[in-house]
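Here is a short set of exercises to work through with the model open beside you. Try each task before you read its solution.

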Amino acid sequence: MYAIIANGSKQYKATVGDTIKFEKLNANVGDKVEFEVLLVSGDDGVKLGADVAGLKAVGEVVKQDKAKKIIVFKYKAKKNVRKKQGHRQPFTAVKIESIG
C-alpha cells in the first residue's frame, strides 16, 4: 500500500516506514507532523478525490539537516567575470508512521 501526500507545492510517494526528505519544516526532532493525502493505492484498488478527503499521513521528524553542497558557477564569456558560490539546501527528514 502506498499514498501520494502533499507538502507545500510538492507531492511525494509514501509507504509506512519510509523516511522522506521534505523542504525544511518548522518542527523539532521527535515532533509529529501531518500531511494531506491525495491518493491511496492498496489491495482494493486506487482511491482519490472524495474517497480520501479525510485521510492524513502522520510522520515523526527524524532529522533537521542540510543536503550536500552544490556548486553554482556563473561567468561572462570573454569578460573575465567569474563568480563561484556553494549552496546547501536545508531539509527535514520525516519517517511515515501511519496513513489513514
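A strand here is a DSSP run of E with at least two residues, and strands are numbered from the N terminus. By that rule, V37 sits in strand β4. Keep in mind that this is a predicted model.

**Exercise 1. The overall fold**

Task: Find how many helices and strands the protein has, and describe its overall dimensions.

Solution:
- Step 1. Begin with the elements: the protein has zero helices and nine strands. Read along the sequence, the pattern is β-β-β-β-β-β-β-β-β.
- Step 2. Turn to the dimensions. The C-alpha trace spans about 60 × 30 × 20 Å along its principal axes.
- Step 3. Set the radius of gyration against a reference. The protein has 19 Å, whereas a compact globule of 100 residues would have a value near 13 Å.
- Step 4. Look at the contacts with a separation of 6 or more: 62% of them join residues 24 or more positions apart.

**Exercise 2. Surface and charge**

Task: Work out what share of the residues is buried, and how far apart the centres of the positive and negative side chains lie.

Solution:
- Step 1. Of the 100 residues, 27% are buried.
- Step 2. The accessible surface comes to about 7200 Å², and carbon and sulfur atoms own 49% of that area.
- Step 3. Count the charges: there are 20 positive and 11 negative side chains. The centres of these two sets are 22 Å apart.

**Exercise 3. The largest nonpolar core**

Task: Identify the residues that touch the most other members of the largest nonpolar core, and the strand that gives the largest share.

Solution:
- Step 1. This core holds 18 residues, and those touching the most other members are I5, F22, F35, V37, V94 and I96.
- Step 2. Now ask where the members come from. Two or more residues each are given by β1, β2 (10–14), β3 (19–23), β4 (32–42), β6 (56–66) and β9 (90–99).
- Step 3. Strand β4 supplies the largest share, with four residues.

**Exercise 4. Three residues in strands**

Task: Decide whether V37, S41 and N7 are buried or exposed, and list what each one touches beyond four places in sequence.

Solution:
- Step 1. The cut-off for buried is under 20% relative accessible area.
- Step 2. V37 has a relative accessible area of 4%, so it is buried. Its contacts are A3, I4, I5, V52, L55, K56, A57 and I99.
- Step 3. S41 is also found in strand β4. With a relative accessible area of 13%, S41 is buried. Its partners are M1, Y2 and V46.
- Step 4. N7 belongs to strand β1 (residues 2–7). Its relative accessibility is 18%, so N7 counts as buried. N7 is in contact with Y12, F22, E23, L25 and F35, and of these F22 and F35 appear among the core residues listed in Exercise 3.

**Exercise 5. The far end of the chain**

Task: Place G100, and find its C-alpha separation from V37 and from V29.

Solution:
- Step 1. G100 falls in the segment after β9.
- Step 2. G100 is exposed, because its relative accessibility is 56% and the cut-off for exposed is over 50%.
- Step 3. The C-alpha atoms of G100 and V37 are 8.3 Å apart, with their positions 63 residues apart along the chain. For G100 and V29, 71 residues apart in the chain, the C-alpha separation is 23 Å.
- Step 4. Beyond four places in sequence, G100 touches L55 and K56. V37 has L55 and K56 among its contacts too.

**Exercise 6. Positive phi in a loop**

Task: Examine K78 and N80, and say what is notable about their phi angles.

Solution:
- Step 1. Recall the background: most residues other than glycine have a negative phi.
- Step 2. Phi of K78 is near 65 degrees, a positive value in a residue other than glycine. N80 likewise has a positive phi, near 55 degrees.
- Step 3. Locate them. K78 is in the loop between β7 (70–76) and β8 (81–87), and N80 lies in the loop between β7 and β8.
- Step 4. Check the exposure. K78 counts as exposed at 84% relative accessibility, and N80 is exposed with a relative accessible area of 62%.

Terms used. Residues are numbered from 1 along each chain as its sequence is written. This is a predicted model: local features need pLDDT of at least 70, side-chain atom pairs count only at pLDDT 80 or more; totals for chains, interfaces and linings use all residues. Side-chain values use heavy atoms; hydrogens and water are left out. Buried means under 20% relative accessible area, exposed over 50%, partly exposed in between (1.4 Å probe, protein chains only). Contact means heavy atoms within 4.5 Å. A nonpolar core is a set of buried Ala, Val, Leu, Ile, Met, Phe, Trp, Tyr and Cys residues joined through side-chain atoms within 4.5 Å. The radius of gyration is taken over C-alpha atoms; the globule rule is 2.2 Å times the number of residues to the power 0.38. Accessible areas come from the Shrake-Rupley method with a 1.4 Å probe; for residues, only the protein chains shown count as cover. Lys and Arg count as positive and Asp and Glu as negative; His and the chain ends are not counted. The place of a charge is taken as NZ of Lys, CZ of Arg, CG of Asp or CD of Glu.
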